[in-house]
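Please look over the model below. This report covers its pockets first and then its sheet.

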Amino acid sequence: MKKLINDPKAVVNESVEGFGIAHADIVTVHPDPLFITRRDAPVQGKVGLVSGGGSGHEPLHAGFVGLGMLDAAVPGAVFTSPTPDQIIPATTAVDGGAGVLHIIKNYTGDVLNFETAAEMAEAEGVTVRSVLVDDDVAVEDSLYTAGRRGVGGTVFVERIAGAAAERGDDLDGVASVAQRVVDSVRSMGVALAACTVPHAGVPSFDLAEDEIEIGIGIHGEPGRHRIAMEDADGITQRLLQPIVADLRLIAGDRTLVMVNGMGGTPASELYIVFRKVAQLLEGLGVTIERSLVGNYITALEMQGASLTILRVDDEMLDLWDAPVRTAALRWGA
């Protein structure tokens, strides 16, 4: 194992410390228990947004803390859910009197720990609502989930719900916008090679040199099937077709498309994938209104990519285009 680390047990703390120093104009790091807030938290009168999960998926979630997105992010150990002891103070720290929305990826540990934290925060007088992100069309149940996994769609939920909160929507309104995004977004991923969790020291799964895994999870969970390596256009079609079918996309639909790297895939290859997605959607009469191409929700250094598509309307586009200033997304601010 070759990694730019010191002690495998210190990876998360040292990484978050460095993140806080690099982006001190945007965030504040709270070291014990560990969580990150936007620098001006709490914003009085605004709904607070909190999300989190296992580390190793950077820039998710800390990279999306700031104006127009999250008010707090709670990092667990690598590929491990954060604890209620972290989530509770993160929640209370960003409560500006309008309540707090928890955005939770559908993994059993995340769901249980955020539920516990919400109950405890409400006992302290904070009104909490939750939305569950479950956009992965690859499988219904997985190693860490009951139901579909929460993956790339989380970025769209955090961005659009964050803009709604910044606009001044109340807690029920922000939760409603977030749920609309969840209902309209789907994702699918592929792995070309595994990642190595620092404290494990060995690849998280085995793939032969001529194999790929279609439908891989962001922790290396099994997908739909393993197949022989194909060219980029063939793989892209395998990612897109289940999403189109599940969303029931038809001519005239408008979309926001993200081609996301898993951490070890060059940008040049991601743009080859996006090129084919654009061609296929154009052939279906589906418009791409906005796009993201790059690393937004990763799995350490896994080689591969994921495709996320959100069916949008005018309000979602207006919220997407609203000012945002985070470490990983920024425009208009």
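The lining of the largest pocket splits into 17 nonpolar, 10 polar and 4 charged residues. The model is a predicted one. The volume of this largest pocket is about 600 Å³. Of its 31 lining residues, Val-11, Ser-15, Gly-56, Glu-58 and Leu-300 are the closest to the centre. Three elements, α1 (11-22), β3 (48-55) and β4 (72-78), each give two or more residues to this lining. Helix α1 has the largest share, with 6 residues.

The second largest pocket has a volume of about 190 Å³. It is lined by 16 residues. Nearest its centre lie Leu-192, Ala-232, Ile-235, Glu-269 and Val-273. At least two lining residues come from each of β7 (185-193), α6 (232-247), α7 (267-284) and β12 (303-311). By class, the lining of the second largest pocket holds 10 nonpolar, 3 polar and 3 charged residues.

The two linings by residue class:

| Pocket | Nonpolar | Polar | Charged |
|---|---|---|---|
| Largest pocket | 17 residues | 10 residues | 4 residues |
| Second largest pocket | 10 residues | 3 residues | 3 residues |

Now the sheet. It is open and has 6 strands, in the order β1-β2-β4-β3-β5-β6, with mixed pairing. β1 (27-31) and β6 are the edge strands, each pairing on one side only. On average, neighbouring strands are turned by 20 degrees against each other, direction ignored.

Two strand pairs can be described in detail. β3 and β4 run parallel and are joined by 6 bridges. Val-50 has Ala-72 as its bridge partner in β4. Both β3 and β4 also contribute to the lining of the largest pocket.

Two helices pack on this sheet. Helix α2 (residues 84-93) touches β2 (34-38), β3, β4, β5 and β6. The direction of α2 makes about 20 degrees with that of β2. Helix α3 touches β3, β5 and β6. The direction of α3 makes about 165 degrees with that of β5.

The second pair is β5 (residues 100-105) with β6 (residues 128-133). These strands run parallel, with 6 bridges between them. Lys-105 has Val-133 as its bridge partner in β6. How does the chain cross from β5 to β6, and which hand does the crossover have? The path goes through helix α3 (residues 108-123), and this β-α-β crossover is right-handed.

Terms used. Residues numbered from 1 in each chain as written. Predicted model: local features only at pLDDT ≥ 70, side-chain atom pairs only at ≥ 80, totals over all residues. Heavy atoms only, no water. Pairing = 2+ DSSP bridges. Helix = DSSP H or I, 4+ residues; strand = E, 2+ residues; numbered from the N terminus. Right-handed = clockwise from strand over helix to strand, strands pointing away. 1 Å grid on protein atoms, 1.4 Å probe; cavity = no way out; pocket = protein on both sides within 12 Å on 5 of 7 lines; lining within 4 Å. Points joined across faces, edges and corners; volume = space filled by probe spheres on them. Nonpolar A, V, L, I, M, F, W, Y, C, P; charged D, E, K, R; others polar. Axes fitted to C-alpha atoms, helices over the stretch in contact; angles between N-to-C directions. Contact = heavy atoms within 4.5 Å.
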